[in-house]
Amino acid sequence: MAEVRLENVTKSFGGKTVVDDLNLTIRDQEFLTLVGPSGCGKSTTLRMICGLERATSGNVFFDGKPVSWLPANKRDVAMVFQSYALYPHKTVRQNIGFALKMMRVPKATIDEQVLEAARTLDIEDLLDRKPRELSGGQRQRVALGRAIVRDAGAYLLDEPLSNLDAQLRVLMRAEIKRLHVDVARTFIYVTHDQVEAMTMSDRIAVLRDGVIQQCATPEEIYERPANRFVASFMGSPPMNFVTGALADVDGVRMFRSTALSQPIAVSDGQPADVVLGVRPEDVALSPTPVEGYRQGRVFVSEPLGPDVLVTVRIEDELLKARVPTPFRLGHDAPVYVGLNPERLHLFSAADGTALQAPRDAA
Ligand SMILES: Nc1ncnc2c1ncn2[C@@H]1O[C@H](COP(=O)(O)OP(=O)(O)OP(=O)(O)O)[C@@H](O)[C@H]1O
Ligand SMILES: [Mg+2]
């Protein structure tokens, strides 16, 4: 059992705060992902959980007990580093069993546990090889094996897939997700890849400049981003943002912009300057005029396989639409653009906070 709780955790390096008053509870057996751009404090947070780094202030708790004073080897965690950090002169078997050997576990038990970890990861036939005789994906599995053989309450994984090519990353992503189910332990996973975060996690904590922007399920983060940063970071291709202004029309507050043919009613009490957000899959295109659609021109189209990503220019705005294949209009052809009114987001232009979505406003 391992519930990990961070309470008011702050970390500064030479006066610069890189993790700022973080509060987060990772539930027992949860798969929680810390995601955010480079330098936002993900690895530092993970290192404070495992004990490789001390918080400047605040506390870390495992199952309600403070562990801030405990060194890394006394905490019930196993960590997988971004670089595999395998011992080059040891075999796979010795690499996986090394931590157990250090803990003076009897040899027969080590052999048994190494074999079991190797079976879980499907690398049984590689046990007598050296790391240099392995592919990147196989080395990655050995690095995972070294962690899971430890039977820790929580596994901390720092960008374990970033050294792999795109295809292998997709494969290993599913394997780690499955591994989480099989070992039934708490996983805290760090990545800057929003697709990994979306596909693998029970919950995602989005970090920016050492501050959690939102912590919620992938669905919640995608459907109801707390602010413009989360909205633009999560989702590929990213959400479109349309600037516009609010005005009162016949006593109703309306959002107007050049990208929309019709103004959208919003609830009262919104600030005057807002930004409208719409995901590319919520933008529809038609080669012929449709009521309520706005005319634009095809700027560029990019086939993605089942879908085509079409960038449309409407006056000065560029809007991306993700539409099904085939899409046959060429560059500069007129095209009619409709936004799904059910799926629009509104953000404050001043600070990016999500405002009541227009769909809830009526
Ligand atoms: N030991 C250190 N001394 C000084 N500054 C540090 C130290 N470790 C990290 N930092 C700084 O703290 C900030 C956060 O670093 P961290 O490694 O946590 O980022 P990250 O989110 O993991 O980024 P990446 O995605 O690039 O790995 C960065 O600005 C980094 O330069
Ligand atoms: Mg990092």
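Where does P326 lie? Select P326 and you land in the loop between β18 (317–324) and β19 (334–339); helices (H or I, at least four residues) and strands (E, at least two) here are DSSP runs, numbered from the N terminus. Before going on, note that this is a predicted model, where local features need pLDDT of at least 70, side-chain atom pairs count only at pLDDT 80 or more, and totals for chains, interfaces and linings use all residues. Residues are numbered from 1 along each chain as its sequence is written, while chains are lettered from A and ligands numbered from 1 in the order in which they are written.

**Stop 1: backbone oddities**

Stay on P326 and add T325: a cis peptide bond joins the pair, with omega about -5°. Now jump to S236 and P237, also linked by a cis peptide bond, with omega about -5°. P237 sits in the loop between α8 (228–233) and β11 (240–249). Then pick E159, in the loop between β7 (154–158) and α5. Phi of E159 is near 45°, a positive value in a residue other than glycine. For context, most residues other than glycine have a negative phi, and most peptide bonds are trans.

**Stop 2: the two domains**

Colour 4–232 as domain 1 and 238–360 as domain 2; these bounds come from an automatic or database domain assignment. Their C-alpha centres lie 38 Å apart. Seven residues of domain 1 are in contact with nine of domain 2, contact meaning that C-beta atoms, placed from the backbone, lie within 7 Å. The side of domain 1 that touches domain 2 has four nonpolar, two polar and one charged residues. In these classes, Ala, Val, Leu, Ile, Met, Phe, Trp, Tyr, Cys and Pro count as nonpolar, Asp, Glu, Lys and Arg as charged, and the others, Gly among them, as polar.

**Stop 3: ligand 1**

Zoom to ligand 1 and show F13, V18, G36, S38, G39, C40, G41, K42, S43, T44 and H192 around it; a residue is near if its C-beta atom, placed from the backbone, lies within 6 Å. By class, this shell has three nonpolar, seven polar and one charged residues. Helix α1 (residues 42–50) gives the largest share, three residues.

**Stop 4: helix packing**

Show helix α2 (residues 92–102) with helix α3 (residues 107–120): they pack at about 130°, axes 9 Å apart. Axes are lines fitted to C-alpha atoms, for helices over the stretch in contact, and angles run from 0 to 180 degrees between N-to-C directions. So α2 and α3 are oblique to each other; under 35 degrees counts as roughly parallel, over 145 as roughly antiparallel, 65 to 115 as roughly perpendicular and the rest as oblique. Light up R93, I96, G97, L100 and K101 of α2 against I110, Q113, V114, A117 and A118 of α3 to see the contact. It comprises six nonpolar, two polar and two charged residues.

Next, swap α3 for α4: α2 and α4 pack at about 30°, with axes 7 Å apart, which means α2 is roughly parallel to α4. Here V92, N95, I96, F98 and A99 in α2 meet V142, G145 and R146 in α4.

Finally, keep helix α4 (residues 136–148) and bring in helix α5 (residues 166–183), at about 20° with axes 11 Å apart. That makes α4 roughly parallel to α5. Select G136, G137, Q140 and I148 in α4, which meet L168, M172 and V183 in α5. This contact divides into four nonpolar, three polar and no charged residues.

Terms used. Contact = placed C-beta atoms within 7 Å.
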